[in-house]
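Q: Could you take a close look at one helix pair in this protein and walk me through how the two helices pack? I'd like the geometry and then the residues involved.

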Amino acid sequence: MGQWLSNVLVNGDFHSIFLENGTIAQILPAAQAPEVPAWDAQGMLMVPTFKDYHVHLDKAFPDDRWVSRHKVGSLYAQFQMEKDLLAPLKSGQKERARSILQQMLAFGTTHLRVHVDIDPEIGLSHLAMVRELQEEFLGTLTIEIVAFPQQGLIRSQSINLINQALQEGATIVGGVDPAGVDRDIEACLSAIFELSVAHDAEVDIHLHDPGHLGLFTLERIMDYTEQSGKMGKVAVSHAYCLDEVSENESLAIARRLATLDIAIITSVPIDSAMPRVAQLRAEGVRVYLGSDHTGLDAWTPFGFTDQLMRGRRMADKYRWNDDERLRSVYPHLGSTAGLFQIGDPADFILLAAVNPEHAAATAPPREIVSVRGVPVAGRQLQNAWKI
Ligand SMILES: [Zn+2]
């Protein structure tokens, strides 16, 4: 049992594709299409689904009312404001997280890296909530969990809790500003890497610290990565500092990041510095995009969950106007520029665009999102093939 789709724009031309057992089992040029019943894609472009490399599911405000923020003078004040504003909203937290996941799926995101807040006050309650959703969405979304000490690993004395979270489903050790928040780079990083070695876990550290403070922290993260043999298992999120030092300084860091296979994750901020993506990429560093803010939250009212729109924003920001650089957006989303091989998982998006460059430039609506060959979301879900 399988399903033919005809008139699919894929691999640079129109093809018929055969979906079977969750994979792309056949790709034939339109002229060679077999005379069998097929679902007509009407020339829609097919691209692999996206990944979102940095998500918080436990911070969203309701979208049916306005929660007022006030101006804060420091990061600690921001942390406190977030706790204060979220506390009375606890009861709807899971529903809001679920609705974010549905929204992401409808935009074509099928894998997420989720940072879950952990501190002595909330304990592992947010982890339990995200674990339930991880189960609920099994088969459509894959979710990996970062145990994230938002209030500071050392500052909030959360090492034991993070340790526990890593026994209860989190697979990545998080952290935030070893200098700026924890005020002890060595204590923070040695705890993070000890936890990661003890649990065979990956590492993903929020690094907002600016300029040379951030750069020094990055150097120490690289040292710890090397010493603990965690090459290919470490990511640094945000890393604004890479854009706040000279190009030569960031080049030297980029080379070492590439050697140690440390990934950089950015939400493509337009209100702050962001890592020099072209430089990092040229040196072979993996750079991925993440939403960070999914809508309204205590940090910003400008979040959004559409990864293709985020890729578009990056191209726009860097003035990537040519075809080659527009196509280059896709790997940052964990996707490709509409290229499939026989045997690939049938995880794809159909959208109205004439080529991948066009889609990266316009971020058109997602008409159908397929996971393992099954239509699961999208504007035309009702009209999709039935499997
Ligand atoms: Zn974050």
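A: Helix α6 passes α7 in a left-handed crossing, meaning that the near helix is turned anticlockwise from the far one by less than a right angle, with clockwise being right-handed. Keep in mind that this is a predicted model, where local features need pLDDT of at least 70, side-chain atom pairs count only at pLDDT 80 or more, and totals for chains, interfaces and linings use all residues. Numbering runs from 1 along each chain as its sequence is written.

So who are the players? α6 covers residues 211–227 and α7 covers residues 247–259; helices here are DSSP runs of H or I, at least four residues, numbered from the N terminus. Their axes come within 11 Å and cross at roughly 20°. The axes are lines fitted to C-alpha atoms over the stretch in contact, and angles run from 0 to 180 degrees between N-to-C directions. That crossing angle makes α6 roughly parallel to α7, a label for angles under 35 degrees.

As for the contact itself, α6 brings L215, L218 and M222, while α7 answers with E249, I253, R256 and L257. Being in contact takes C-beta atoms, placed from the backbone, within 7 Å. By class, that's five nonpolar residues, two charged ones and no polar ones. Ala, Val, Leu, Ile, Met, Phe, Trp, Tyr, Cys and Pro count as nonpolar, Asp, Glu, Lys and Arg as charged, and the others, Gly among them, as polar.

For wider context, the chain is divided into domain 1 (2–49 + 336–383) and domain 2 (50–303), with bounds from an automatic or database domain assignment. The domain centres, taken over C-alpha atoms, are 33 Å apart.

Technical notes
Helices (H or I, at least four residues) and strands (E, at least two) are DSSP runs, numbered from the N terminus. Angles under 35 degrees count as roughly parallel, over 145 as roughly antiparallel, 65 to 115 as roughly perpendicular and the rest as oblique. Two residues are in contact if their C-beta atoms, placed from the backbone, lie within 7 Å.
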